Amino acid sequence: MSARLEADGLYKVFGRKPDQAVERLRQGTDREELRDAGTTAAVIDASFTVEPGEIFVVMGLSGSGKSTLLRMLNGLLEPTAGHVRFGGQDLTEIGERKLRDVRSKSISMVFQHFALFPHRSVRDNAAYGLEVQGVPRAERERRADEALALCGLAGWEKSWPDELSGGMQQRVGLARALATDADLLLMDESFSALDPLIRRDMQDQLLELQKTLKKTIVFITHDLNEAMRLGDRIAMMRDGRIVQIGTAQDILMRPANDYVASFTQDVDRSRVLTTAAVMETEVRGDEADCDCETATPETSFTDLCAISARVPHPVAVVDGDGELVGVVPTRRLVGFLGDEQAEPGTCDSPRDQGPEKVMARA
Amino acid sequence: MPRIPLGDWVNSTVDWLLEHVAWLFDFLKTVFTGTYDGINAVLQAPEPLLLAGIFAVIAFWLRGTLAGVLTFVGFAFIDSMELWENAMITLSLVLVATIIALVVAVPVGIWAARSDRVSGIVRPVLDFMQTLPAMIYLIPAILFFGTGASAGIVATLIFALAPGVRMTELGIRQVDKELVEAAEAFGTTPRNTLLRVQLPLALPTVMAGVNQVIMLGLSMAAIAGMVGTGGLGGDVNEAIGQLNVGLGSESGVAIVILAIYLDRMTSALGTQVSPLGRRAAAKARSLGGLKIWSYRPRPQVAVIGVVILGLVAGGMGVFGGSGDSEAVANGKNVGQGKKVTLGYVPWDEGVASTFLWKEILEQRGYEVEAKQFDAGPLYTSLAQGDIDIVTNSWLPTTHAQYWKKYGDRLDDLGSWYDNTSLELTVPAYMKDVNTLADLKGKAGQFGGKITGIESSAGEMALLKDKVAKEYGLDKEYKVVDSSTPAMLAELKRAMSKKEPIVVTLWSPHWAYNDLDLKKLKDPKGAWGKGDGVHTLSRKGFAGDDPTAAKWMKDFKLDEKQLTSLEAEINKAGKGKQQDAVRTWLKSNPDLVDKLAPVAGAGGATPAEAKRALDVAWFPWEEDVAVTYLWKNVLERRGYKMNLKQMDVGPVYTGLASGDLDLNFDAWLPHAQKNYWDKNKDNLTDLGTWYEPTSLEIAVPSYVKDVKSLADLKGKADLFDGKIIGIEPGTGEMQLAKDEVLPGYGLEDEYEIVDGSTPAMLAELKRAYAKKEPVAVTLWSPHWAYSDYELTKLKDPKKAFGEGNTIRTISSKKFPEQYPQLTKWIKNFHMSEDELGTLEAEIKDRGQGHEEEAVAAWLEEHPDMVGRMTPQ
């Protein structure tokens, strides 16, 4: 049901003579130099593809251009250069009228501060997209109520936005986006304004919904934890450029540069990593021959730690076919927690002589 | 610094606008006055208390019980102060200005909100409009729109427009950007974004703007009283002029009541119409519970209430109309319901003379309106022709600067009261100051001040330039510019404290009756001879209404008459001036006939005029022209005419039987020969007033080589074989077909097309515009010869026959019945140019406007009336 979204060499430059600025950027001029000339390059050469049913997270700090990038995807901002293709159409080529049509039928958006219409009831808010499409009242109200129920707001249809808590308001925002049955969902820091507990709830709910709805979702956030929790893939943005695209583990294990790496420091690695990322793959072959507990490559890091605590020797990792694929020594677990994958050093002190060495820093 | 002649530029711009865009102002004026008249008619129609009830129900609905009760009390109070009519005038003015302001302001505000450039242009314009002192455009507004409602509306509009635009722009710009983005993200069109998101959310702010528009409009409406809009503003203006604090505060309070009502209602309406406001109100109500004072009926109930009261009001308005127009004795009905507008400055002698003339003219069958002004607007209006007569113009000194400016557009009908003087005046308790010379050396006592009036007044100039110098006061005293009301207020204040004060004053003035004052003697005669109180009229009034103008010219009052009349008026109080005049006239019974003589030697209306004339006319251009001309002229002389449009045959029969009196359009001796011959024993021929006439075929003069009927031969191709005719069966068509075409051998080439006179003229006009060759049947006299360059084709063979003359014929008895008129008609002649221009004027104004056209034409030909009806 979902379609593939493709961004190809997107540029967005604000200020005077944007086309010239793009040309200069292509020739390698620095963003700072342009800024001195009074033009701001918000997005520079962004290219990526979002597969149907995928949650694609764009992660970056404020000012990194992620919101601008998102608004180019549904044409709220016109790219200075580059193309956006979605569902077989080049959104940068079609006219304003057709673009509005696409926006009303197949792309919907959830906003940071909810952007609910204060002069409409919850139901009318949820039904807004359908109203724009021209769906008759009875049907749009039915579909709005369904969307609201899906977001856990059954019974609140007749309330007004200002009577709801922040979390509930954003559920209305989500319901409004879902009600149109759009294939592509653009979420602009949609959970940032919520307090942490509610945010967790919303993230869980989004993941839960996504299991059944299989929308294509582009999610903007400045919170790497959120990015890693939600994202099938993550694009890291800095100063208008995408510096790395990869899965959460890719980002964590193989940061493209120091900037990305500096982000990952604060990440709760135990939530992201799986056994596959941690295990040593050089195996002797007999590590699983005992009756001890084993792990699979998908076992989460936290579970792996628990197993390791119960098993006297390195934990064996067995794939679905019962084949031994790796082994995880406790030392390695501790090392990953501290982001240190170097080989252990040695110590001359006799009291530290043991089969497994523990890094002092751990 | 070079002098930048901004003022000159503005002057020439104004002149240019007056000359070239008058149509636009006329259009606007029509729109404004139309709307105003409509709303005013609705508001004035019902019984005051009933309308107060309607207002109260609206308040009950919008704000609750208490507001409803207070509304009723407030409006009933206005009614009890006898200010109802004026309050409704003001209300209509404000409503019209508000409606128009919103029609302009909201779209401009929306535009400005969507475009920074527009916003950048609009903002300084608004600042300009809002801060420019109102007087500066109030007076010029008269130039463009004349006095009355539309000038007031325009001034109010200029002043009140700004908040409407600003608040609309602000409201829309204030709407959360994210909401607008959300709307766009869901594919909303810009139009719907505006209508469904921006405007609803901006509505509270927009309504606050509406509220501001109304409030500013109301404050301006009070000022606009100066340009004769009437209403409460007029009352305030009048009260200030007479230093009548009581009346001033009454009208002030009435304005405040209106203001509070409108303010509360619009803000409540703001809550009602905006979805957010409704939500907030509902919330507040659910918290507060049900209370009797804040109970509000459902809209349906309110609407039903308003409708019921409205129907009752409408019904009473329709059936309650009273016929208060008194029948004016036939012979004295000189005015024939003609409208005359008198303007006056609210000085006692002005009020007295104005209302005296109002009464006299009404007795003579005029419809008279008396309007009060400040001196400046008064002269502007008179020069504009918005008012006809002003009876209290102080010349040559006091109103000198106005006369200088407008004199060439005014007619001075002479002075009716000469016993005036200008003077410096002190309270009577200033024992040792009796002459101007006594002031010298007493500057300390008077604080070195002479309290003056408007710096523009002639008296002030005279005082500063001449009087003060002559008595050596100019070094000691400073003449303080102020205003007449301020001077009087200062005088009153000082006298209540018995302080020394010296003021500029003039006689006659009511202050001499009210206060114990002493005129300072002027032994050196520095003030010069006193002004005369003159009667001025707009230019051309004497031509339009020689009778009334003559009355005005002969108008004189002596001091005893004037003071006794003034005393009577002061006794009766405001609003009863005319009653006072009537009372006064009872004790001066001969005065009306003396001031406005109707019969006798210099008399206007001969006794014969008592019987109405039945005049028959044919719908032919020259007859329409001459008949309406006579109607206008004879009505000035007190005659009454019934016009009857008829065919030729019945006219002759009617005249012969005596059922009809006159017909001005007898084409004799040829065209109507058979009718004449049949009835001539019972008819009188009053002579020819126009000759020669002819029937002819005419072509535009750009058709070069066609000069005579014979030239038409062989040119059928040029004219497409057609001669455009008129109504079939008329004498001319018969002649053309039976005599002319065969006579010149044209019958095989040309066809005479039957049609009608208007169709022929239309075809002529069309062809003329395109310079196409065309031949039409025409006759002289005809206005077409004035409007187009046409060649009458020569008729050497006299196929069209001998020329007729146009004569006036009457019934047999007519010369006995109307000896005076008979004499006039017998001496009556018109030239081809006169008739042609009159016909053209009538044609230009269109059907139904014949009387206007004649009046306008007579203004161009001022001697005509005297020529036709010499006295």
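Q: In which loop of chain A is A:Asp239 found?
A: This is a predicted model. Phi of A:Asp239 is near 50°, a positive value in a residue other than glycine. The residue sits outside the strands, in the loop between β9 (233–238) and β10 of chain A.

Q: Is A:Asp239 buried, partly exposed or exposed?
A: Count the other C-beta atoms within 10 Å: A:Asp239 has 17. A buried residue needs 20 or more, and an exposed one has 12 or fewer. The count falls in between, so A:Asp239 is partly exposed.

Q: Which strands are the edge strands of the open sheet in chain A?
A: The sheet has six strands, with mixed pairing. Their order is β6-β7-β8-β3-β9-β10. An edge strand here pairs on one side only, and that picks out β6 (107–110) and β10 (241–246) of chain A.

Q: What does the twist of this sheet average from one strand to the next?
A: The sheet of chain A is open and has six strands. From one strand to the next, the twist averages 20°.

Q: Which residue of β8(A) stands opposite A:Leu184?
A: Strand β7 covers residues 184–188 of chain A, and strand β8 covers residues 216–221. The two run parallel and are joined by five bridges. At A:Leu184, the residue opposite in β8(A) is A:Thr216.

Q: Which residue of β2(A) is the bridge partner of A:Leu5?
A: Strands of a sheet pair through backbone hydrogen bonds, either parallel or antiparallel. Strand β1 (residues 5–14) and strand β2 (residues 40–50) of chain A run antiparallel, with seven bridges between them. In β2(A), the partner of A:Leu5 is A:Val50.

Q: Which residue of β4(A) stands opposite A:Ala7?
A: β1(A) also pairs with strand β4 (residues 81–86) of chain A. That pairing is antiparallel and spans five bridges. Opposite A:Ala7 in β4(A) stands A:Val84.

Q: What share of the residues in chain A is buried?
A: Chain A holds 16 helices and 13 strands. Among its contacts between residues at least 6 apart in sequence, 67% join residues at least 24 apart. Of the 362 residues in chain A, the buried share is 42%.

Q: Which helix gives the largest share of the side of chain B that touches chain A?
A: The contact takes 16 residues from chain B and 18 residues from chain A. On the chain B side, α9 (177–185), α10 (190–223) and α13 (275–288) each supply at least two residues. The largest share, six residues, comes from α9(B).

Q: How many residues on the side of chain B that touches chain A are nonpolar?
A: Split the residues of this side by type. Three are polar and four are charged. The nonpolar ones number nine.

Q: How far apart are the end C-alpha atoms of residues 90–114 of chain B?
A: The unreviewed UniProt entry places a "transmembrane region" at several stretches of chain B, including 49–78 and 90–114. Residues 49–78 are 97% helix, and their end C-alpha atoms are 10 Å apart. Residues 90–114 are 100% helix, and their end C-alpha atoms are separated by 35 Å.

Q: Why does B:Ala160 count as buried?
A: B:Ala160 has its place in helix α8 (residues 149–174) of chain B. Beyond its neighbours within four places in sequence, its contacts include B:Ala97, B:Val213 and B:Met220. The cut-off for a buried residue is 20 or more other C-beta atoms within 10 Å. B:Ala160 counts as buried because its C-beta neighbours inside 10 Å number 28.

Q: Is B:Glu82 buried or exposed?
A: B:Glu82 lies in the loop between α4 (65–80) and α5 (84–114) of chain B. Its phi is near 60°, a positive value in a residue other than glycine. It has 12 C-beta neighbours inside 10 Å, so B:Glu82 counts as exposed.

Q: Which helix joins β11(B) and β12(B) in a right-handed β-α-β unit?
A: Strands β11 (residues 613–617) and β12 (residues 641–645) of chain B run parallel, joined by five bridges. One opposing pair is B:Val615 and B:Leu643. The helix of the right-handed unit, residues 621–636 of chain B, is α26.

Q: Which residue does a cis peptide bond join to B:Ser780?
A: The omega angle of this bond is about 0°. The partner lies in the loop between β18 (776–780) and α31 (784–787) of chain B. The residue is B:Pro781.

Technical notes
Residues numbered from 1 in each chain as written. Chains lettered and ligands numbered in written order. Predicted model: local features only at pLDDT ≥ 70, side-chain atom pairs only at ≥ 80, totals over all residues. Pairing = 2+ DSSP bridges. Helix = DSSP H or I, 4+ residues; strand = E, 2+ residues; numbered from the N terminus. Axes fitted to C-alpha atoms, helices over the stretch in contact; angles between N-to-C directions. UniProt positions renumbered as here; feature names shortened; annotations may be inferred. Contact = placed C-beta atoms within 7 Å. Nonpolar A, V, L, I, M, F, W, Y, C, P; charged D, E, K, R; others polar. Right-handed = clockwise from strand over helix to strand, strands pointing away.
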